[in-house]
Amino acid sequence: MTQLQATIETLDAGAARAAIPALTEILRDCVANGASVGFMAWNTLPEFERYWIGVAIEVEAGRTILLAARDESGAIAGTAQLQLIAKPNQPHRAEVAKVLVHSRARRQGLGAALVNAAEAAARAAKRDLLVLDSDEDGEARRLYRRLGWTEVGTIPRYALLPDGSFCGSTIFYKSLA
Ligand SMILES: CC(C)(COP(=O)(O)OP(=O)(O)OC[C@H]1O[C@@H](n2cnc3c(N)ncnc32)[C@H](O)[C@@H]1OP(=O)(O)O)[C@@H](O)C(=O)NCCC(=O)NCCS
């Protein structure tokens with residue numbers, strides 16, 4: 001398999017709104033392929049769209065850094081978020097969330113490029129402790145291990161898979177200090 005020449009970009013609020021159709025399709029595809037990413041198999045496109053409208057609001061408020069990965073055709077094929085924790089006692093911390101790559105573009109390095117870009121964005125925002133949680137059985141767990149994240153443990157029955165069955169959630173952290 002050849003390596004995709006991925007372009008990772010940071011979307012401002014306007015770009016985030018313009019990207020909602022592509023982001024919605026990525027989320028739809030991930031849920032349809034069984035990923036535990038906050039939604040169920042029966043959720044509808046308008047519900048996925050509403051989620052991204054909310055993300056654009058967070059971007060506008062400066063609370064979330066939204067990343068997009070474009071494939072060689074220029075289409076958005078993946079995304080990730082860096083959520084800046086607003087608590088006064090955690091100014092050094094951020095969470096990586098919703099690392100999603102469309103199934104048509106997987107296993108070509110986009111996921112790793114997005115996580116690397118989220119880490120670079122965290123450094124630029126002076127956030128040097130990163131936390132995330134991941135479906136215990138998904139491909140994401142291998143991705144984070146490979147990129148040097150530390151696995152804290154797994155909480156059983158944390159969430160539901162799109163089909164309604166339980167899945168555990170594995171908590172990871174990475175110190176950039
Ligand atoms: C997890 C996810 C983001 C990974 O995205 P991806 O773009 O496939 O990630 P990568 O390409 O960087 O790595 C995936 C695999 O492809 C391999 N790979 C990367 N480039 C490759 C290439 N050019 N040739 C062959 N294999 C390659 C990696 O080594 C890795 O292998 P492994 O899983 O056996 O360790 C994607 O599977 C996904 O969106 N899943 C559903 C949503 C989800 O669960 N997200 C996580 C929420 S926390």
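## The ligand shell and helix H2

Strand E4 (93-101), helix H4 (110-124), strand E5 (129-135) and helix H5 (139-146) each contribute at least two residues to the shell around the ligand, in what is a predicted model. Among the elements of the shell, H5 gives the most, with 5 residues. The ligand has 23 residues around it, and those that come nearest are Arg106, Arg107, Gly111, Ala112 and Ala140. By character, the residues of this shell divide as the following table shows.

| Kind of residue in the shell | Number of residues |
|---|---|
| Nonpolar | 11 residues |
| Polar | 6 residues |
| Charged | 6 residues |

The second topic is helix H2, which takes in residues 20-32 and so has 13 residues. From its first C-alpha to its last, H2 reaches 18 Å, which is close to the 18 Å expected at 1.5 Å a residue. Which residues of H2 are buried? They are Leu23, Ile26, Leu27, Cys30 and Val31, and because they cover an arc of only 130 degrees around the axis, they lie on the same side of H2. The general background is that an α-helix has 3.6 residues a turn, so residues three or four places apart point the same way.

The buried residues of H2 pack against helix H3 (45-60), strand E3 (76-84) and E4, and E4 is also one of the elements that supply at least two residues of the shell around the ligand. On the other side of H2, by contrast, Pro21 and Ala32 are exposed. Just after H2, Gly34 takes a positive phi of about 95 degrees.

Technical notes: Residues are numbered from 1 along each chain as its sequence is written. This is a predicted model: local features need pLDDT of at least 70, side-chain atom pairs count only at pLDDT 80 or more; totals for chains, interfaces and linings use all residues. A residue is near a molecule or strand if its C-beta atom, placed from the backbone, lies within 6 Å of it. Helices (H or I, at least four residues) and strands (E, at least two) are DSSP runs, numbered from the N terminus. Ala, Val, Leu, Ile, Met, Phe, Trp, Tyr, Cys and Pro count as nonpolar, Asp, Glu, Lys and Arg as charged, and the others, Gly among them, as polar. The expected span of a helix is 1.5 Å times one less than its number of residues. A residue is buried if 20 or more other C-beta atoms lie within 10 Å of its own, exposed if 12 or fewer, and partly exposed in between; C-beta atoms are placed from the backbone. The arc is that of the directions from the helix axis to the C-beta atoms. Two residues are in contact if their C-beta atoms, placed from the backbone, lie within 7 Å.
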